[in-house]
Amino acid sequence: APTSGTSLRTVFLLKSIYWDDDESDLPLSHVMSYYLLNPSSLIGVKGPDAISYVSTLLGQGLESLGYEVTCVVDVSDIYNASASATVGVVVNPSLSARLAISAAGTQLSAAIASTDPTVVTQAVGAALVAINSLNCTVPRACSSLNREACHKTSQTCGSCLAGYIGAEGD
């Protein structure tokens, strides 16, 4: 909550609820993260512990995906049996690059002053996404070219989608 907000401004509450396991397998460990496009490129929000929620800032989503980011929770028991769940939220960009950089600096300063490593990790992740955002305007929709959305190289589609062959990289 909420289901939409602004990068480096809106505090999102991520909660992991309704997980159930045999009492002898407790406690459950909760890890929270998010990604912009590829689930193999997770941005950490909260490391493994028994706390099942976190309040955090998130970096903006990709314009080509309607600014949606995918939040992920991985839950495991003491035997490392695990399950995960995902939910999409819309994280709009700050109004300008200058505001994003200013907000990132403010959040990083506050995080460092807190001396809480989890808060520092959250601020760094959100700041990097905001500062490294690209102009992803392309003449044709990347999906029509069977390529991933723009996310690494400005004004360029990503790699080929699974099952398609073409030029390597973006």
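Here are some notes on the predicted model above, covering its core, its cysteines, two serines and a surface patch.

1. **The nonpolar core.** A good place to begin is the largest nonpolar core, which has 24 residues. Tyr34, Val45, Leu58 and Val89 are the members with the most contacts inside it. Both strands and helices feed this core: E2, E3 (29-35), E4 (43-49), E6, E7 (82-92), H1 (97-114) and H2 (117-131) each give two or more residues.

2. **Ser7, beside a core residue.** Ser7 sits in the loop between strand E1 (4-6) and strand E2 (12-15). With a relative accessible area of 0%, Ser7 is buried. Leaving aside residues up to four places away in sequence, Ser7 touches Leu58, Gly59, Gln60, Val91, Asn92, Pro93, Ser94 and Ala130. Leu58 in that list also appears among the core residues with the most contacts.

3. **Ser76, in a strand.** This serine belongs to strand E6 (residues 68-76). Is Ser76 buried or exposed? Its relative accessible area is 19%, and the cut-off for buried is under 20%, so Ser76 counts as buried. Beyond residues up to four places away in sequence, the contacts of Ser76 are Pro27, Leu28, Ser29, Ala81 and Ser82.

4. **The first disulfide on my list.** The structure holds 2 disulfides. One of them joins Cys136 and Cys150, with the sulfur atoms 2.1 Å apart. Both cysteines lie in the segment after H2, 14 residues apart, and the pair is one that links distant parts of the chain. The torsion about the S-S bond of Cys136 and Cys150 is about -65°, so this disulfide is left-handed. Cys136 is buried at 11% relative accessibility, and Cys150 is buried at 1%.

5. **Its partner disulfide.** Cys142 is bonded to Cys157, with an S to S distance of 2.1 Å. Here the value about the S-S bond is -90°, and the link is left-handed. Cys142 and Cys157 are both in the segment after H2, so this pair ties together parts that are 15 residues apart in sequence. Cys142 and Cys157 are buried as well.

6. **How the bonds are arranged.** Which pattern do the disulfides follow when bonded cysteines are counted along the chain? The pattern is 1-3, 2-4. In terms of residues, that corresponds to Cys136 with Cys150 and Cys142 with Cys157.

7. **Cysteines outside the disulfides.** Please also look at Cys71, which is in no disulfide; the nearest cysteine sulfur belongs to Cys136 and is 20 Å away. Cys71 is buried, with a relative accessible area of 5%. Cys160 is in no disulfide either, and the nearest cysteine sulfur, that of Cys157, is 10 Å away. Cys160 is partly exposed, with a relative accessible area of 21%. The cut-off for buried is under 20%, so a value of 21% falls outside that class.

8. **A nonpolar patch on the surface.** Finally, on the outside, Leu13, Ile51 and Tyr53 form a nonpolar patch with about 280 Å² of accessible area together. Ile51 is located in the loop between E4 and strand E5 (53-56). With a relative accessible area of 43%, Ile51 is partly exposed.

Key:
Residues are numbered from 1 along each chain as its sequence is written. This is a predicted model: local features need pLDDT of at least 70, side-chain atom pairs count only at pLDDT 80 or more; totals for chains, interfaces and linings use all residues. Side-chain values use heavy atoms; hydrogens and water are left out. Helices (H or I, at least four residues) and strands (E, at least two) are DSSP runs, numbered from the N terminus. Buried means under 20% relative accessible area, exposed over 50%, partly exposed in between (1.4 Å probe, protein chains only). Contact means heavy atoms within 4.5 Å. A nonpolar core is a set of buried Ala, Val, Leu, Ile, Met, Phe, Trp, Tyr and Cys residues joined through side-chain atoms within 4.5 Å. A disulfide is a pair of cysteine sulfur atoms within 2.5 Å. Patches are made of residues with over 30% relative accessible area and no salt bridge: like charges are joined within 9 Å, nonpolar side chains (Val, Leu, Ile, Met, Phe, Trp, Tyr) within 5 Å. Accessible areas come from the Shrake-Rupley method with a 1.4 Å probe; for residues, only the protein chains shown count as cover. A salt bridge is a side-chain nitrogen of Lys or Arg within 4 Å of a carboxyl oxygen of Asp or Glu.
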